[in-house]
Amino acid sequence: MHLFYTADIAPHHKQFLLSEEESKHAIRVLRLQQGDAVVLVDGVGGWYDAEIIDPHPKRTTLQINRVEVDFQKSSYHLHIAVAPTKNIDRIEWFLEKATEIGIQEVTPIISEHSERKEVKVDRLNKVVASAMKQSLKAYLPKINPAITFTQFLKQQAGLDQTKLIAHCAEGEKRYVADVCQPKGSYLILIGPEGDFSSTEINDALTQGFAPVSLGDSRLRTETAALVSCVEFSLLNRG
């Protein structure tokens with residue numbers, strides 16, 4: 001199955017023209033020909049079964065044969081706010097796997113102990129787009145611009161969601177599986193390798209974030225974020 005991501009397709013389209021880049025990939029690299037079947041996804045749940053009717057390397061024309069909206073739509077909304085790691089490859093790895101498992105939104109947050117202060121969102125968007133196509137999904141996770149921890153808390157104030165913070169400091173915590181229920185909207189904070197500062201933890205708790213545990217092991221940032229995705233995917237299965 002050959003899958004292409006194009007954000008500008010809509011369910012009413014009967015035919016569609018691939019971009020020059022995608023046309024070149026389809027015809028020159030994949031060697032697709034007239035009559036070959038392909039799939040288009042729009043990143044917002046649209047799945048389009050299509051057929052090549054004009055295999056041009058700069059402007060390949062497709063006929064849309066079937067459209068399915070809300071393809072494999074998740075029953076929950078998961079937003080992970082995670083401190084970017086010093087080695088950006090580790091966050092890219094997390095995003096790739098999280099897209100495969102299922103996640104709706106990610107925000108890089110810059111906390112007191114963060115080793116990395118800048119994030120190239122364009123690069124991260126390419127990572128999740130590639131993972132979406134590879135895993136045959138129709139939803140593209142939203143990657144927000146990096147923001148400071150303090151600004152992020154202010155941004156989330158008053159939103160209707162279950163707010164969680166995973167940290168390593170002492171204190172009573174519940175497991176994610178004991179806190180969450182299916183079909184909800186969830187936000188979970190994941191700190192840097194040095195964890196959140198005590199001030200940041202207290203600020204989050206003051207603003208209604210519930211402390212949670214991801215298990216007895218001390219996890220790296222990207223592992224903790226991925227474990228959160230797995231927990232939610234299991235909780236909301238079916």
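This passage describes a sheet, a helix that packs near its edge strand, and the aromatic pairs of a predicted model. Residues are numbered from 1 along each chain as its sequence is written, and, the model being predicted, local features need pLDDT of at least 70 and side-chain atom pairs count only at pLDDT 80 or more, whereas totals for chains, interfaces and linings use all residues. Side-chain values use heavy atoms, with hydrogens and water left out.

Five strands form an open sheet of mixed pairing, in the order β1-β3-β4-β5-β2; strands (E, at least two residues) and helices (H or I, at least four residues) are DSSP runs numbered from the N terminus, and two strands pair if DSSP finds at least two bridges between them. Because β1 (3-5) and β2 (15-17) stand at the edges, each with a single partner strand, one side of each is left without a neighbour in the sheet. The twist averages 40° from one strand to the next, where axes are lines fitted to C-alpha atoms, for helices over the stretch in contact, and angles run from 0 to 180 degrees between N-to-C directions. Strands β4 (residues 47-54) and β5 (residues 61-68) run antiparallel and are joined by seven bridges, and D54 has T61 in β5 as its bridge partner. Helix α3 (residues 121-134) packs on the sheet, where it touches β1 and β3 (37-41) (contact means heavy atoms within 4.5 Å), and its direction makes about 150° with that of β1.

In helix α1 (residues 20-29), the buried residues are E22, S23, A26 and I27, buried meaning under 20% relative accessible area, exposed over 50% and partly exposed in between (1.4 Å probe, protein chains only). Seen down the axis of α1, these residues fall within an arc of 115°, so they line one face of the helix; the arc is that of the directions from the helix axis to the C-beta atoms. They pack against β1 and α3, whereas the face of α1 turned away from the buried side carries the exposed residues E20, E21, K24 and V29.

The structure holds four aromatic pairs, for which rings of Phe, Tyr and Trp (its six-membered ring) must have centres within 6.5 Å, with planes under 30 degrees apart counted as stacked, over 60 as edge-to-face and the rest as tilted. The rings of F149 and F196, both buried, have their centres 5.2 Å apart and their planes at 50°, so the pair is tilted. A tilted pair is also formed by Y186 and F232, at 5.0 Å centre to centre and 50° between the planes, and ring pairs link Y76, Y186 and F232 into a cluster.
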